[in-house]
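Here is a set of short exercises to try with the structure open beside you. Take each task first, then compare your steps with the worked solution.

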Amino acid sequence: VEKAVANGPLTGKRILVTSGPTHEPIDPVRYIANRSSGAQGTAIARALAALGAHVVFVTGPADVPPPEGVEVVRVQTAREMLDAVEAALPADAGVFAAAVADWRMKDAHEEKLKKSKDGLPVLSFAENPDILKTVSHKTDGRPALVVGFAAETTDVLAHATAKRDRKGCDWIVANDVSPQTGIMGGTENAVTLITDSGAEEWPRMAKEAVAEKLADRIAQALGVA
Ligand code: CTP
Ligand code: CA
């Protein structure tokens with residue numbers, strides 16, 4: 001850690017953040033992934049570090065560089081991300097902002113697939129581990145606060161509320177990523193924070209501002225602000 005903030009409210013707290021997409025290889029030159037710049041997860045890690053937390057930042061191949069002053073663990077696949085998360089526990093809180101690929105190839109090809117006159121390749125999938133759900137259901141070493149994300153394109157509140165129950169996390173940060181919002185790939189975000197006490201709609205603001213507000217709320221929840 002390059003720049004530990006000595007006197008922030010999160011000093012002495014260890015917080016895990018996942019961010020970015022995962023890449024699941026099809027063959028050595030191709031992969032399956034979700035769209036994710038990593039901008040929101042990176043901003044959250046930066047904001048938590050600015051409040052003094054020791055941040056373990058587990059990131060897939062993102063467009064934006066990781067923040068200064070955090071412990072960076074780089075991964076490619078969902079399974080590598082789960083391993084890195086397990087290795088980073090225990091932690092006081094976990095924020096799961098990564099856009100994890102839901103599926104990987106059942107058998108990735110070791111050699112590049114070539115175009116063939118015999119027709120198109122058929123890809124078979126296997127389901128990836130659910131990192132957020134795995135951590136949320138831990139009986140031993142579960143972070144006191146587990147925060148998930150839900151990027152939805154329809155019925156955002158209903159889907160996100162159901163997702164919170166299904167995953168077993170404490171909070172869900174929900175957002176509408178349908179194309180007309182212009183959120184995907186942009187610099188702003190409009191989120192609803194879903195907790196035990198209900199849904200709180202935050203105004204549209206810069207991703208950095210969402211990150212700072214969330215970091216403040218995490219500090220409050222951990223009883224240190
Ligand atoms: N997540 C995870 N591991 C996975 C999939 C998702 O940790 N294999 C986390 C994400 O980081 C996010 C939350 O779970 O915090 C919700 O991700 P999302 O893709 O919205 O949920 P899914 O359960 O995969 O549902 P969907 O079918 O809508 O993709
Ligand atoms: Ca998913």
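## Exercise 1: The annotated binding site

In an unreviewed UniProt entry, "binding site" is listed for Asp102, Lys112, Pro129, Asp130, Ile131, Leu132, Phe149, Lys163 and Lys167. Work out how far these positions spread, keeping in mind that the model you are looking at is predicted.

**Solution.** Start with the sequence: the listed positions span 66 residues. Next, turn to space, where the farthest two C-alpha atoms are 37.2 Å apart, so the residues do not all gather at one spot.

## Exercise 2: Two members of that list

Locate aspartate 102 and lysine 112, and decide whether each is buried, partly exposed or exposed.

**Solution.** Step one is to place them. Aspartate 102 sits in the loop between β6 (93-96) and β7 (103-105), while lysine 112 belongs to the loop between β7 and β8 (125-127).

Step two is to count neighbours. A residue is exposed if 12 or fewer other C-beta atoms lie within 10 Å of its own, and buried if there are 20 or more. Aspartate 102 has 14 C-beta neighbours inside 10 Å, so it counts as partly exposed. Lysine 112 has 10 other C-beta atoms within 10 Å and is therefore exposed.

Step three is to look for contacts beyond four places in sequence. For aspartate 102 these are Glu127 and Asn128; for lysine 112 they are Asp27, Pro28 and Val29.

## Exercise 3: The shell around ligand 1

Which residues come nearest to ligand 1, and which element supplies the largest share of its shell?

**Solution.** Begin with the residues: of the 15 around ligand 1, Phe96, Val100, Ile131, Leu132 and Gly148 come nearest. Then sort by element. Both α3 and β9 (145-152) supply at least two residues each, and β9 gives the largest share, with 4 residues. Finally, sort by chemistry, which yields 9 nonpolar, 3 polar and 3 charged residues.

## Exercise 4: Threonine 134

Describe the surroundings of threonine 134, and find how far it lies from threonine 42.

**Solution.** Threonine 134 is part of helix α3, which covers residues 131-136. Its count of C-beta neighbours inside 10 Å is 14, so threonine 134 is classed as partly exposed. Apart from neighbours within four places in sequence, threonine 134 contacts Leu82 and Pro129. Pro129 is also one of the positions in the UniProt "binding site" list. As for threonine 42, it is 92 residues away from threonine 134 in sequence and 22 Å away in space, C-alpha to C-alpha.

## Exercise 5: Following strand β12

Which strands pair with β12, and in which sense?

**Solution.** Take one partner at a time. Strand β10 (residues 171-176) pairs with β12 (residues 191-195) in the antiparallel sense over 4 bridges. Within this pairing, valine 173 is opposite leucine 193.

The other partner is strand β13 (residues 198-201), which runs antiparallel to β12 and is joined to it by 4 bridges. Here, threonine 192 faces glutamate 201. With 2 residues between them, β12 and β13 form a hairpin. When you follow side chains along such elements, remember that in a regular strand they alternate between the two faces of the sheet.

## Exercise 6: Backbone details

Where is the cis peptide bond, and what is the phi of aspartate 155?

**Solution.** The cis bond runs from leucine 89 to proline 90, with omega near 0°. Proline 90 lies in the loop between α2 (78-88) and β6.

Aspartate 155 is not a glycine, yet its phi is positive, about 40°. The loop between β9 and α4 (156-167) holds aspartate 155, which counts as exposed because it has 11 C-beta neighbours inside 10 Å.

## Exercise 7: The whole fold

How many helices and strands does the protein have, and how does its radius of gyration compare with the globule rule?

**Solution.** There are 5 helices and 14 strands. The radius of gyration is 18 Å, close to the 17 Å that the rule gives for 225 residues, so the protein is as compact as a globular protein of that length. Two further values complete the picture: 40% of the 225 residues count as buried, and residues 24 or more positions apart account for 65% of the contacts with a separation of 6 or more.

Notes:
Residues are numbered from 1 along each chain as its sequence is written. Chains are lettered from A and ligands numbered from 1 in the order in which they are written. This is a predicted model: local features need pLDDT of at least 70, side-chain atom pairs count only at pLDDT 80 or more; totals for chains, interfaces and linings use all residues. Two residues are in contact if their C-beta atoms, placed from the backbone, lie within 7 Å. The radius of gyration is taken over C-alpha atoms; the globule rule is 2.2 Å times the number of residues to the power 0.38. UniProt positions are given in the numbering used here, feature names are shortened, and annotations may be inferred rather than shown by experiment. A residue is near a molecule or strand if its C-beta atom, placed from the backbone, lies within 6 Å of it. Ala, Val, Leu, Ile, Met, Phe, Trp, Tyr, Cys and Pro count as nonpolar, Asp, Glu, Lys and Arg as charged, and the others, Gly among them, as polar. Two strands pair if DSSP finds at least two bridges between them.
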